[in-house]
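Reader: Hi! I'm in my first year and would love a close look at one small part of this model, with the neighbouring pieces explained along the way.

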Amino acid sequence: MLEDERLKLILDAAYSCFTRHGVRRTTMDDIAREAGMSRPGVYQYVRNKEDAFRRLAARLLADALAGAHGAIEAQGDLRTRLTGALEAKLGLAVRLWRDSPAHAAELLGVDTRISAEQVEAYNTAMRDLIAAAVAADHPDADATEVAELLLAFTRGLEADLSDTDAPARRLRHGVALIVAGLDRT
């Protein structure tokens with residue numbers, strides 16, 4: 001098995017354990033057992049539980065950002081492309097909520113000391129991506145402000161995922177209203 005495949009196996013196991021037990025209650029033994037490896041074998045790829053969480057967070061955020069890039073680069077009007085990009089962001093929160101309602105808040109915590117830098121870099125990349133799309137379609141708009149508004153709106157939708165279908169519906173409606181406002185100015 002290649003090194004990248006082993007790391008993927010370990011991070012998949014970490015995801016299973018973190019969503020089942022939460023980060024605080026998960027042990028390296030749990031991750032090793034879930035991965036079907038020895039604990040010393042897991043330590044060849046990750047330094048500790050925090051490193052596993054950090055790498056997992058980086059992978060999840062990179063996947064969400066790639067989805068957002070794909071949506072922005074796709075054919076379609078600005079509303080459709082922005083909705084797709086923000087659905088990629090919202091989709092990560094919904095996935096964590098569906099996979100682990102009991103531990104989603106812990107896993108999504110922006111202020112967690114383990115992944116705060118990664119989350120901040122992801123948020124900056126999302127803002128820049130959305131601002132560039134807005135600026136391309138509406139050069140006179142304050143594109144960064146619009147991007148910040150859209151991201152704040154999306155974060156607000158992530159706050160209540162008890163009905164996991166409602167946020168996506170509200171996101172589509174909210175983006176449509178904001179883009180309609182841009183079209184009027």
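How many helical turns, roughly, separate R54 and D51 in helix 4?

Author: Happy to help! This is a predicted model, in which local features need pLDDT of at least 70 and side-chain atom pairs count only at pLDDT 80 or more, while totals for chains, interfaces and linings use all residues. Residues are numbered from 1 along each chain as its sequence is written, and side-chain values use heavy atoms, with hydrogens and water left out.

Now to your pair. R54 and D51 are three residues apart in helix 4, which puts about one helical turn between them. Helices here are DSSP runs of H or I with at least four residues, strands are runs of E with at least two, and both are numbered from the N terminus. An α-helix has 3.6 residues a turn, so residues three or four places apart point the same way. The side chains of R54 and D51 meet in a salt bridge, at 3.8 Å from N to O. That term means a side-chain nitrogen of Lys or Arg within 4 Å of a carboxyl oxygen of Asp or Glu. The two partners sit in unlike surroundings: D51 is buried, with a relative accessible area of 4%, whereas R54 is partly exposed at 28%. Buried means under 20% relative accessible area, exposed means over 50%, and partly exposed is in between, using a 1.4 Å probe and protein chains only.

Your salt bridge has company, since a search of the whole structure finds 16 of them. One of the others joins R79 and D77, at 3.9 Å from N to O. Here R79 is partly exposed at 35% relative accessibility, and D77 is partly exposed too, at 40%. Another salt bridge brings R127 and E148 together, at 3.6 Å from N to O. R127 belongs to helix 7 (residues 116-137) and E148 to helix 8 (residues 143-158), so this pair ties together parts that are 21 residues apart in sequence. Salt bridges can also link up: K8, D12 and R59 form a network of them.

Back in helix 4, there is an aromatic story as well. The structure holds one aromatic pair. F18 and F53 make it, edge-to-face, with 5.6 Å from centre to centre and 65° between the planes. F18 lies in helix 1 and F53 in helix 4, so the pair ties together parts that are 35 residues apart in sequence. Both rings belong to buried residues, F18 at 1% relative accessibility and F53 at 5%. Rings of Phe, Tyr and Trp (its six-membered ring) pair if their centres lie within 6.5 Å; planes under 30 degrees apart count as stacked, over 60 as edge-to-face and the rest as tilted.

Helix 4 (49-73) also helps to cover helix 2: what covers the buried residues of helix 2 includes helix 1 (3-21), helix 3 (39-43) and helix 4. Those buried residues of helix 2 (residues 28-35) are M28, D30, I31, A32 and A35. Just after helix 2, G36 takes a positive phi of about 70°.

D30 turns up once more, this time beside helix 1, where H21 is found. Leaving out residues up to four places away in sequence, H21 touches T26, D30 and H103, with contact meaning heavy atoms within 4.5 Å. H21 and H103 are 82 residues apart along the chain, yet 7.5 Å separates their C-alpha atoms.
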